[in-house]
Amino acid sequence: MARPQEFDTAEALYKAMDVFWRKGYEATSLADLLDATGLSKSSLYATFGGKREFFLAAFDAYRQGRAAEMHRILGHGPARQAIERFFRTLFADVATPGPLRGCMSINQAVEMAPQDVSIRERVIGDLQYIQAALTQEVERGRADGSIAATRDPAELGRLLVLGFPGLQVMARAGFPPQELEHALALLLSHLD
């Protein structure tokens with residue numbers, strides 16, 4: 001008879017996600033994961049498989065949370081302001097002490113996607129999902145009058161999703177807040 005599980009799987013996943021998010025996949029050791037989650041090696045392997053499977057589960061949990069957060073922000077109030085609020089969440093880590101985590105999908109676009117097909121597909125899927133949501137928000141903004149741009153909404157959605165990783169990288173690189181604000185204002189000026 002198997003022993004009953006004595007830990008909260010979701011909590012362990014969240015703690016592992018934080019480690020992977022801060023350190024990246026390659027720099028995260030098994031010892032880091034065991035220390036962060038409080039799991040034994042046997043519990044980790046029995047529940048999640050190995051480091052890669054644990055990472056994929058944590059990355060998928062991150063992606064689901066990011067999508068939920070995006071939909072919490074977009075679709076409410078005037079569309080242009082909702083798009084701006086969405087982009088401002090990219091700078092949230094800048095004001096917080098400690099290592100900047102940024103967007104885990106953008107981090108993985110650089111770290112693992114070039115050599116890992118599963119990660120590449122997830123990152124591409126995330127960017128396509130964000131682009132579709134931003135395109136829909138541009139369409140909503142044209143209807144509610146908060147976006148005056150006459151350019152095709154799909155093109156504007158593509159432009160906005162191009163700005164997404166650029167602003168992430170600028171924030172993580174340590175650009176001063178006023179330069180981030182200027183870059184965001186420039187990006188959003190295409191909606192006017």
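**Exercise 1. Find the helix that holds F48, decide whether F48 is buried or exposed, and list which residues F48 touches.**

Solution. In this predicted model, the first step is to place the residue, and F48 is found in helix α3. The second step is to judge its cover: the relative accessible area of F48 is 11%, and since buried means under 20%, F48 is buried. The third step is to look for its partners, leaving aside residues up to four places away in sequence, and this gives T9, A12, L13, L39, E53 and F54. As a last step, a distance can be taken across the model: the C-alpha atoms of F48 and A149 are separated by 48 Å, and these two residues are 101 residues apart along the chain.

**Exercise 2. Describe the chain as a whole: how many helices and strands does the secondary structure come to, and what share of the residues counts as buried?**

Solution. Begin with the secondary structure, which comes to 9 helices and 0 strands, so that reading along the sequence gives the pattern α-α-α-α-α-α-α-α-α. Next, take the extent of the C-alpha trace, which spans about 65 × 35 × 30 Å along its principal axes. Then turn to cover: the chain has 192 residues, of which 40% count as buried, while its accessible surface comes to about 10,100 Å², with 57% of that surface belonging to carbon and sulfur atoms. Finally, consider the contacts with a separation of 6 or more, where residues 24 or more positions apart account for 67%.

**Exercise 3. Show which residues of helix α2 are buried and which are exposed, and explain why the buried ones lie on the same side of α2.**

Solution. Helix α2 covers residues 30-37, and within α2 the residues L33, L34 and T37 are buried. These three cover an arc of only 95 degrees around the axis, and therefore they sit on the same side of α2. A general rule helps here: an α-helix has 3.6 residues a turn, so residues three or four places apart point the same way. On the other side of α2, A31 and D35 are exposed. The buried residues of α2 pack against α1 (9-23), α3 (41-48) and α4. Just after α2 comes G38, which takes a positive phi of about 75 degrees.

**Exercise 4. Work out how α2 is oriented relative to α3, and name the residues that meet.**

Solution. The axes of α2 and α3 cross at roughly 95 degrees and come within 10 Å. Because angles from 65 to 115 degrees count as roughly perpendicular, α2 is roughly perpendicular to α3. In the contact, L30, L33 and L34 of α2 meet K41, L44 and Y45 of α3. Sorted by class, this contact of α2 with α3 has 5 nonpolar, no polar and 1 charged residues.

**Exercise 5. For helix α4, work out the orientation relative to α7 and then relative to α6.**

Solution. Start with helix α7 (residues 117-144), which packs with α4 at an angle of about 0 degrees, the axes being 12 Å apart. This makes α4 roughly parallel to α7. On the α4 side the contact includes R52, F55, L56 and F59, and on the α7 side it includes S118, I119, R122 and V123. By class, the contact of α4 with α7 has 10 nonpolar, 2 polar and 5 charged residues.

Now take α6 (residues 104-111), whose axis lies 10 Å from that of α4 (residues 51-73), at an angle of about 135 degrees. The helices α4 and α6 are therefore oblique to each other. Here F55, F59, Y62 and R63 of α4 meet M104, S105 and Q108 of α6, and the contact of α4 with α6 has, by class, 4 nonpolar, 2 polar and 1 charged residues.

**Exercise 6. Compare the cover of Q108 with that of G166: which description, buried or partly exposed, fits each residue?**

Solution. Q108 lies in helix α6, and with a relative accessible area of 1% it is buried. Leaving aside residues up to four places away in sequence, Q108 touches G24, Y25, F55, F59, A113, P114, I119 and V123. G166, by contrast, has its place in helix α8 (residues 153-173), and with a relative accessible area of 33% G166 is partly exposed. The C-alpha atoms of G166 and A183 are separated by 9.4 Å, with the two residues 17 residues apart along the chain.

Conventions. Residues numbered from 1 in each chain as written. Predicted model: local features only at pLDDT ≥ 70, side-chain atom pairs only at ≥ 80, totals over all residues. Heavy atoms only, no water. Axes fitted to C-alpha atoms, helices over the stretch in contact; angles between N-to-C directions. Helix = DSSP H or I, 4+ residues; strand = E, 2+ residues; numbered from the N terminus. Parallel < 35°, antiparallel > 145°, perpendicular 65-115°, else oblique. Contact = heavy atoms within 4.5 Å. Nonpolar A, V, L, I, M, F, W, Y, C, P; charged D, E, K, R; others polar. Buried < 20%, exposed > 50% of the residue type's maximum accessible area, 1.4 Å probe, protein only. Arc of directions from axis to C-beta. Areas by Shrake-Rupley, 256 points an atom, 1.4 Å probe, with all protein chains shown as cover.
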